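This report describes the secondary-structure arrangement of a protein chain, with attention to sheets, helix packing and backbone geometry. The sequence and the structure are shown below.

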Amino acid sequence: MENLVIDKPTTPLQSKAAPKQPRRILVTGGDGYIGNVMVPRLLAEGYDVTVMDAGFFRAAWLFQDGLDRAPVLTRDTRSLTADELQGFDAVIHLAELSNDPLCEHDESLTMNINHHGSVALARAAKEAGVPRFLYASSCSVYGAAGDEAVSETSPQRPQTAYARCKGLVERDVGAMADDHFTPTFLRLATAFGASPRMRFDIVINNLAGLAWTTNKLSLSSDGTPWRPLVHVRDITEAFVQVLKAPRERVHNQAFNVGADEQNYRISELAETAAKVFPGCAVELGGKSDDGRSYRVSFEKIRRHLPDFECQWTAERGFRQLRSLFEHIDLTAAMFNAPPYTRMRQLGVLLHTKQVDPQLRWRTHAIL
Ligand SMILES: NC(=O)c1ccc[n+]([C@@H]2O[C@H](COP(=O)([O-])OP(=O)(O)OC[C@H]3O[C@@H](n4cnc5c(N)ncnc54)[C@H](O)[C@@H]3O)[C@@H](O)[C@H]2O)c1
């Protein structure tokens with residue numbers, strides 16, 4: 001697959017009077033894992049925030065953090081119109097099916113929500129006159145990239161429907177960029193760390209939960225694949241820095257979000273977990289068919305957004321999770337509960353017919 005995102009602005013921005021800083025922010029999918037760390041931080045920065053989220057994972061509330069939250073409107077991004085987006089200075093778009101297994105489960109549904117839904121949302125935002133559109137893309141667009149570190153201009157070799165959709169959204173929304181509409185694509189490394197709306201289906205959180213509840217880590221692979229990782233609070237910081245940046249610096253740009261030192265092999269992560277959770281045994285598996293392996297360069301974000309610097313290493317993240325588990329007395333039943341594994345929770349919602357096969361709520365029809 002070709003590199004889909006343009007690294008340079010497609011149309012040079014006219015220099016006019018200094019545009020106003022974004023203040024009113026809409027966060028789609030803001031009631032999920034990343035959103036529940038991001039929104040309190042945006043509020044603390046003084047932004048006026050509204051969240052729109054379908055609410056698929058509301059049952060996944062692991063702990064209370066006592067922080068302020070923004071109003072959450074239950075909306076499906078597939079149905080949002082330009083009218084509902086009037087008056088916002090920026091959209092931060094997080095609302096998608098959020099990982100590979102979830103998206104392999106039903107590829108056409110994934111295309112529907114993650115590709116077409118996101119492009120339609122960007123079009124509606126542009127029509128409503130929203131000047132900034134910040135998109136949560138993913139380093140998984142690089143796919144099978146080998147041992148060399150890839151940059152924003154490297155070819156994309158997405159291995160899954162999830163990753164393909166991220167590249168397609170970048171391509172199609174990038175084509176909408178003009179003097180009045182500035183999209184920015186934040187290609188996030190795999191997230192980790194504590195969020196009240198927890199996920200245990202992402203690598204560090206999963207390893208930490210397994211280490212705590214079973215004292216054993218049995219990897220399904222030989223642990224050699226590379227993964228870049230980034231703490232959920234550092235992700236939030238990257239979005240804040242993009243909001244604060246002069247428009248021309250982030251106009252129609254893709255940024256890898258993470259840090260060079262935070263490219264890890266999976267085996268290294270398991271060893272770090274075993275260090276932080278004493279007594280935990282690690283067993284490596286055999287070579288796996290999973291072709292996903294990529295090392296990523298984060299030089300560009302450092303250059304364009306010099307105030308952005310990751311504060312969290314994997315080890316610090318494991319320690320944060322261990323403190324949290326001690327604090328809330330995490331049990332195996334809590335760790336294994338469906339809501340914390342996004343695909344299982346959607347399975348429950350489908351099986352109990354709370355949503356239809358297109359993931360539209362149907363509960364209201366039976367009440
Ligand atoms: N967590 C990561 O490691 C990671 C890495 C790279 C990119 N991302 C991207 O960041 C975004 C947020 O990820 P997350 O980890 O917080 O996932 P999450 O599943 O916890 O949150 C996604 C939120 O979007 C909502 N949503 C899904 N489809 C929707 C729809 N059609 N309409 C309205 N709301 C909808 C869900 O209800 C959920 O609250 C996603 O786009 C994901 O692909 C995440």
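In what order do the three strands of the open sheet with mixed pairing lie?

## The three-stranded sheet

The coordinates come from a predicted model. In this model, the order of the three strands is β8-β10-β12, in an open sheet whose pairing is mixed. The edges are occupied by β8 (190-192) and β12 (263-265); each has a single partner strand, so one side of each is left without a neighbour in the sheet. On average, and with direction ignored, neighbouring strands of this sheet are turned by 50° against each other.

Strand β10 spans residues 226-231 and runs parallel to β8, to which it is joined by three bridges. Within this pair, Phe-192 has His-231 of β10 opposite to it. Helix α9 lies across β10 and β12, and its direction makes about 85° with that of β12.

## The seven-stranded sheet

A further open sheet is formed by seven strands with parallel pairing, in the order β3-β2-β1-β4-β5-β7-β11. Its edge strands, β3 (72-74) and β11 (253-257), each pair on one side only. The average turn between neighbouring strands of this sheet is 20°, direction ignored. As a general principle, strands of a sheet pair through backbone hydrogen bonds, in either the parallel or the antiparallel sense.

Strands β1 (residues 24-28) and β4 (residues 90-93) are paired in the parallel sense over four bridges. One bridge partnership there links Leu-26 with Val-91 of β4. Helix α1 (residues 35-44) packs on the sheet and touches β1, β2 (48-53) and β4. The direction of α1 makes about 160° with that of β2.

## Strand β7 and its partners

Strand β7 (residues 182-188) has neighbours on two sides in the strand order, namely β5 and β11. With β5 (residues 132-138), β7 pairs in the parallel sense over seven bridges, and Arg-132 stands opposite Thr-182. With β11, β7 also pairs in the parallel sense, here over five bridges; Thr-184 stands opposite Gln-253 of β11.

Are the residues of β7 buried or exposed? Seven of its seven residues are buried. In a regular strand, side chains alternate between the two faces of the sheet. In β7, Thr-182, Thr-184, Leu-186 and Leu-188 point one way, while Pro-183, Phe-185 and Arg-187 point the other way. The residues of both sets are buried, Arg-187 among them.

## Helix packing around α9

Helix α9 (residues 266-276) comes within 10 Å of α11, axis to axis, and the two cross at roughly 45°. At that angle α9 is oblique to α11, and the crossing is right-handed. On the α9 side the contact is made by Leu-269, Thr-272, Ala-273, Lys-275 and Val-276; α11 contributes Ala-314, Glu-315, Phe-318, Arg-319 and Arg-322. By character, the residues of this contact divide into five nonpolar, one polar and four charged.

Helix α6 (residues 203-214) also packs with α9, at an angle of about 40° and with the axes 10 Å apart. This makes α6 oblique to α9, and the crossing of the two helices is right-handed. Val-203, Ile-204 and Leu-207 of α6 meet Ile-266, Leu-269 and Ala-270 of α9. What is the character of the residues in the contact of α6 with α9? They divide into six nonpolar, no polar and no charged. Leu-269 is listed in the contact of α9 with α11 and in the contact of α6 with α9.

## Positive phi angles in two loops

Most residues other than glycine have a negative phi. Asp-329 is not a glycine, yet has a positive phi of about 55°. Asp-329 is placed in the loop between α11 (314-328) and α12 (332-336). Asp-329 counts as exposed because its relative accessibility is 55%, above the 50% cut-off.

Leu-359 likewise has a positive phi, of about 60°, although it is not a glycine. Its position is in the loop between α13 (342-351) and α14 (363-366). Is Leu-359 buried or exposed? With a relative accessible area of 1%, Leu-359 is buried, since buried means under 20%.

Notes. Residues are numbered from 1 along each chain as its sequence is written. This is a predicted model: local features need pLDDT of at least 70, side-chain atom pairs count only at pLDDT 80 or more; totals for chains, interfaces and linings use all residues. Side-chain values use heavy atoms; hydrogens and water are left out. Two strands pair if DSSP finds at least two bridges between them. Axes are lines fitted to C-alpha atoms, for helices over the stretch in contact, and angles run from 0 to 180 degrees between N-to-C directions. Contact means heavy atoms within 4.5 Å. Buried means under 20% relative accessible area, exposed over 50%, partly exposed in between (1.4 Å probe, protein chains only). Angles under 35 degrees count as roughly parallel, over 145 as roughly antiparallel, 65 to 115 as roughly perpendicular and the rest as oblique. A crossing is left-handed if the near helix is turned anticlockwise from the far one by less than a right angle, and right-handed if clockwise. Ala, Val, Leu, Ile, Met, Phe, Trp, Tyr, Cys and Pro count as nonpolar, Asp, Glu, Lys and Arg as charged, and the others, Gly among them, as polar.
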